[in-house]
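Welcome! Let's take a look at how aromatic rings can meet inside a protein. Have the sequence and the 3D view ready.

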Amino acid sequence: MSAPDPAALFAQKTDAELLYLAQHAHQYPPVVGQAAVRELQRRGLIPDELPAGPLPRPAEVPAPELSAGTLAWRALRGVSWPRPGYRVTPLLLWLNVLVYLAMVATGVHAWQPAGADLVRWGSNFSPLTPTQPWRLLTSCFVHGGAAHLLLNMASLVFLGLLAEGFVGGRRLVVGYLLSGVGGSLLSWYWHSQGLNSVGASGAIFGWYGLLLATLVRRPATFTRTGRYTMLLFVFYLLASSLAGGLQAHTTDNAAHVGGLLTGSLLGLLAPPSASSRPNME
């Protein structure tokens with residue numbers, strides 16, 4: 001049997017294959033690079049004046065260096081702008097931020113709002129909540145200053161990035177609203193001497209409970225290693241948050257516990273989501 005004609009073999013190759021062989025001729029016998037160049041010249045893709053040797057590789061264009069401000073802006077836009085699988089968290093983030101901005105725009109102190117201002121904006125205030133039950137929910141969108149808002153929104157975004165694609169956006173927003181109300185109820189009941197409570201932390205603790213309960217009910221969604229990693233991670237964050245609340249006299253841990261219990265109950269009672277991601281093990 002006669003040996004195949006090299007020219008015929010290279011004539012069957014695509015332009016991309018020939019270009020790769022010509023540019024990486026040093027990795028092959030010399031005849032390979034020469035034949036690839038000749039075939040490219042025959043097709044009119046490179047000038048005939050080029051020698052039948054390796055083609056120069058295209059110069060790599062260095063990626064432009066981004067400033068710290070640009071990187072920070074991209075990160076902020078990434079966590080605050082909706083995208084597929086991450087829509088509810090930015091919505092709740094903006095609702096909380098807009099309520100805070102509206103408060104400041106009407107003259108409320110940006111760092112230390114007065115108690116009367118918080119009551120006017122819908123805080124969970126013991127004397128009024130029994131006759132104005134909507135305060136159980138509105139208090140979950142009111143914050144006692146910029147630092148309080150920033151701390152809660154950082155937790156909200158982190159948990160949203162972690163849980164929204166797994167739990168589902170609709171379940172997450174329901175969990176936020178009901179856990180917020182559950183936390184406010186327990187807070188109102190627990191503080192028999194009266195309270196004036198605000199903040200999204202009860203609803204955020206509800207997300208902890210919802211995520212943990214969902215992991216317990218749908219363990220096959222993760223690999224065994226991934227499931228243990230997620231559980232340990234969430235337990236660590238939850239314990240850290242509760243411990244921090246015990247050390248701060250102004251933290252309403254009753255709202256945290258009420259939100260956590262409400263979210264856990266929702267996660268245990270809700271039917272499995274049809275959009276659950278399959279186990280990739």
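Here is a short tour of some aromatic residues in this model, which is predicted.

## The aromatic pairs

Searching the whole structure turns up three aromatic pairs. In one of them, the ring centres of Phe-141 and Tyr-176 are 5.5 Å apart and the planes stand at 50 degrees, so this pair is called tilted: the angle is neither under 30 nor over 60 degrees.

Where do Phe-141 and Tyr-176 sit along the chain? Phe-141 belongs to the loop between helix H7 (135-138) and helix H8 (146-167), while Tyr-176 is in helix H9 (residues 169-190). The two are 35 residues apart, so their pair links distant parts of the chain.

## A second partner for Tyr-176

Tyr-176 also forms an aromatic pair with Trp-207. Here the centres are 6.0 Å apart with 65 degrees between the planes, an edge-to-face arrangement. Because Tyr-176 lies in helix H9 and Trp-207 in helix H10 (residues 201-217), this pair ties together parts that are 31 residues apart in sequence.

Put together, Phe-141, Tyr-176 and Trp-207 make up one aromatic cluster.

## Buried or exposed?

Are the residues of this cluster buried or exposed? Phe-141 has 13% relative accessibility, so it counts as buried, the cut-off being under 20%. Tyr-176 is buried too, with a relative accessible area of 0%. Trp-207, at 1% relative accessibility, also counts as buried.

How values were computed:
Residues numbered from 1 in each chain as written. Predicted model: local features only at pLDDT ≥ 70, side-chain atom pairs only at ≥ 80, totals over all residues. Heavy atoms only, no water. Phe/Tyr/Trp six-rings, centres within 6.5 Å; stacked < 30°, edge-to-face > 60°. Helix = DSSP H or I, 4+ residues; strand = E, 2+ residues; numbered from the N terminus. Buried < 20%, exposed > 50% of the residue type's maximum accessible area, 1.4 Å probe, protein only.
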